[in-house]
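Student: I have a structure open and would like to learn how to read its features. Could we go through them one at a time?

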Amino acid sequence: MTEGKVPREETIVETLGQEDLQRLLGDHQKLLILYGFANAVSRLLDKEKLLNEAMNVVFGLVKAERGAIFLVDGKTGKLMPHVWRARQAGTKGNEVILSNAVTELVMRERKSVLSLDAMMDERFKGSQSIQIQSIRSCMCVPLESQHRTLGLLYVDSRLQAGSFSKEELTLVSGIANQTAVALENIDLVHRLSEERKRIEGILNALTLAIISIDEEGAISFVNPQAMKLFEVTGTECLGHPYQTFFEGGLFRALLGLMTPALQEGKGVTLGEVACGDVEKSILLQVNIIPLREGLVRKGILVALDDVTEKRTLEREMANAEKLSAIGEMTAGLIHEINNPLNIISGRAQLLLFEKGEDAEVSKAARVIREQVDRASSITEKLLSFARQRPPHLRPISLHELLDQFLETLEDQFTLQQVRLEKKFEASSPSILGDAEQLEEVFVNLALNAVQAMPKGGRFTVATRQEKETVEISFTDTGCGIPPDHLSKIFIPFFTTKSRGTGLGLSIVHGIVDNHGGTLKIHSQVGKGSTFILTMPLAKGGET
Amino acid sequence: MIRILVVDDEQEVCDFLQEFLTKKNYEVLTATSASSALQCIKEARPHMVLVDVRMPEKDGVILLKEIKEIDREISVIMVTALRDEQVAKKTLQLGADGYITKPIDLDYLETNILVKRLFL
């Protein structure tokens, strides 16, 4: 060929013989098959489909009578058949029995084996399987990955010796190599997806709300706790800018923390952040962790722990412990106080009886007695607080009980110019309770409400039935409770009234607690307070 | 004359009750312990006993039992500095005829005694 000149096609064809032409066309065909396979396997993520495809291609390339692909089992280390193929009808694929002599050689040497006549091959001398199956030609190629042998590809022919050429071995080796790479890829993808599932599993199992934000500020992951906390679904937030996520109501306080974290890669650990508004507020422990790959910033991870309930519980427990300790101490104390009070009062009464006609003595004795009675009434209240007996629970018609107690206070309401409003649930809920103790609760709450409205106002008693509980709310339009008093009002002796004992609400709290109920307060200074009592419904629910 | 025994571990209590009841024309005996009270009951057979619930050594509830064992006809009024429904119930079951709390309202005490007197 002259340099610089490209021969025309016809010239090449003319110079080739018919046989050469056939060979060239055959080679072209084989190249196409190889190309097609390479294309197909790069997209296959199914192991069995991949192996089938590989077997098809091999059968398209060489005149094999039988073929199989075996993979090393990850657990046992044994070769296991995955795909069988037989060209001739009547030969079942799964009858392909490998010759140990061939496979052992391939696995040991990690090299391909081509035998033009296996029965006569010196390497397999003494191999029974080859003799029994009368295997003539065979090819066995390892599926080699970078570090290990994944399995092997085997084809044979029992019909004639010399079925396979060295050239064909090279071709089949090429197929095997591609198959091995594809197998490794499938394995990697599988492992990655398993790993992803594992990590997601961990993140989902956490009680923390986890939100991951990428370097562009888009949300890339949220766990179920985060979705619950923010009241969104995954599709509503994934891929969206984090601002839309944190803008809404409760979480505005966090918004300011995100931007510096994202822009400067600064982590933030904050003890507890109060989020929310008047309607609803929560206490969040906030942790913002910058994510990096080497020196490159990869967004941030936001971990939020809603500790509202935990803190409330801790506070309630501390209160309960305090109450119980005070209770024990109180009983002893009352006994010690009442004895001298008894003597003082007795002497004062005696004085009244003997010298009652003397105005001065009479006045003094009266005052002494009154003051003793006052002190005694404090110990009386203290005692009912200290000696809270367990409630005798029985089903009670809630509305009947409320009506009864409201009736006894009617005069008081009128006198104080308090308008009573009843908003009862249409059904007639029955609760499990001790009528006497509950009445004490209601009276305490009602009298507190009346006292909070010295110039009159509106007192609303409402009930609302839930699935297993009923809510009883007492709302006044009085002076309200300052926020710093809210946490103290159940503490014994805490009072803002000039002549209060500071025990009323402690007693209420104890009774409600013993009933398995809860008591919540919403209050706004100048607008009024609402005490919400939640009590368990009696079985059957209605009376 | 109706004879009343006042039992309280505090002498001061015994004293003012004695003064008051004497003025109301009762014959009043006092005891500051359960054992001296029992002695007095055996010797003087009072019609009525006022018993403090909480006393050192032997408390009022046991004393009540022992008084009723000696003579069921003797009226016993329990006096306590610590109102306690359980104790009240128990003493009434054991045969106590009344249960009053300290500080004692002397008018109330007298009414109680008068009512009991009707049955003496």
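**Reading the pocket, the interface and the backbone**

Tutor: We can start with the lining of the largest pocket, which by class has 17 nonpolar, 14 polar and 11 charged residues. Keep in mind that this is a predicted model.

Student: How much space lies in the largest pocket?

Tutor: About 1,900 Å³. There are 42 lining residues, and the closest to the centre of the pocket are Thr312(A), Arg315(A), Lys520(A), Ile521(A) and His522(A).

Student: Which element gives the largest share of that lining?

Tutor: Helix 11 of chain A, with 9 residues. Other elements of chain A that each supply at least two residues include strand 8 (268-276), strand 9 (281-293), helix 17 (504-514), strand 16 (518-524) and strand 17 (528-542).

Student: Now the interface. What is a sensible way to state its size?

Tutor: The size of an interface is often given as the accessible area lost when the parts come together. Here chain A and chain B bury about 2,100 Å² between them, and 53% of that area is on carbon and sulfur atoms. Of the area that chain A buries against chain B, His335(A), Asn342(A) and Ile343(A) supply 26%, more than any other three residues.

Student: How many residues of each chain are in contact?

Tutor: 23 residues of chain A are in contact with 21 residues of chain B.

Student: How many salt bridges and polar contacts cross the interface?

Tutor: The rule finds 3 salt bridges between chain A and chain B. One of them joins the side chains of Lys23(B) and Glu354(A), at 2.2 Å from N to O. For a salt bridge the cut-off is 4 Å, so this pair qualifies. Polar contacts between the two chains come to 8 residue pairs, with both residues at pLDDT 80 or more.

Student: Which helices of chain A each supply at least two residues of the side that touches chain B?

Tutor: Helix 11 (308-355) and helix 12 (359-386). The largest share, 15 residues, comes from helix 11 of chain A. That helix also gives the largest share of the pocket lining. By class, the side of chain A that touches chain B has 8 nonpolar, 9 polar and 6 charged residues.

Student: Next, enclosed space. How many cavities of 30 Å³ or more does a search of the whole structure find?

Tutor: The search finds 1, and the space in the largest cavity is about 30 Å³. Its lining residues include Val6(B), Val13(B), Leu17(B), Leu50(B) and Val79(B). By class, the lining divides into 7 nonpolar, no polar and 2 charged residues.

Student: Which element gives the most to the lining of that cavity?

Tutor: Strand 3 of chain B, with 3 residues. Strand 1 (3-7), helix 1 (11-23) and strand 3 (48-52) of chain B each supply at least two.

Student: Last, the backbone. What should I expect of phi and of peptide bonds?

Tutor: Most residues other than glycine have a negative phi, and most peptide bonds are trans. Two places in this model depart from that pattern. Phi of Glu231(A) is near 55 degrees, a positive value in a residue other than glycine. Glu231(A) lies in the loop between helix 7 (224-230) and helix 8 (234-237) of chain A.

Student: Is the peptide bond from Lys102(B) to Pro103(B) cis or trans?

Tutor: Cis, with omega near -5 degrees. Pro103(B) is in the loop between strand 5 (98-101) and helix 5 (106-118) of chain B.

Note on methods:
Residues numbered from 1 in each chain as written. Chains lettered and ligands numbered in written order. Predicted model: local features only at pLDDT ≥ 70, side-chain atom pairs only at ≥ 80, totals over all residues. Heavy atoms only, no water. Contact = heavy atoms within 4.5 Å. Buried area = accessible area lost by both parts, 1.4 Å probe. Polar contact = N/O pair within 3.5 Å; in protein donor to acceptor, adjacent residues only side chain to side chain. Helix = DSSP H or I, 4+ residues; strand = E, 2+ residues; numbered from the N terminus. Nonpolar A, V, L, I, M, F, W, Y, C, P; charged D, E, K, R; others polar. 1 Å grid on protein atoms, 1.4 Å probe; cavity = no way out; pocket = protein on both sides within 12 Å on 5 of 7 lines; lining within 4 Å. Points joined across faces, edges and corners; volume = space filled by probe spheres on them.
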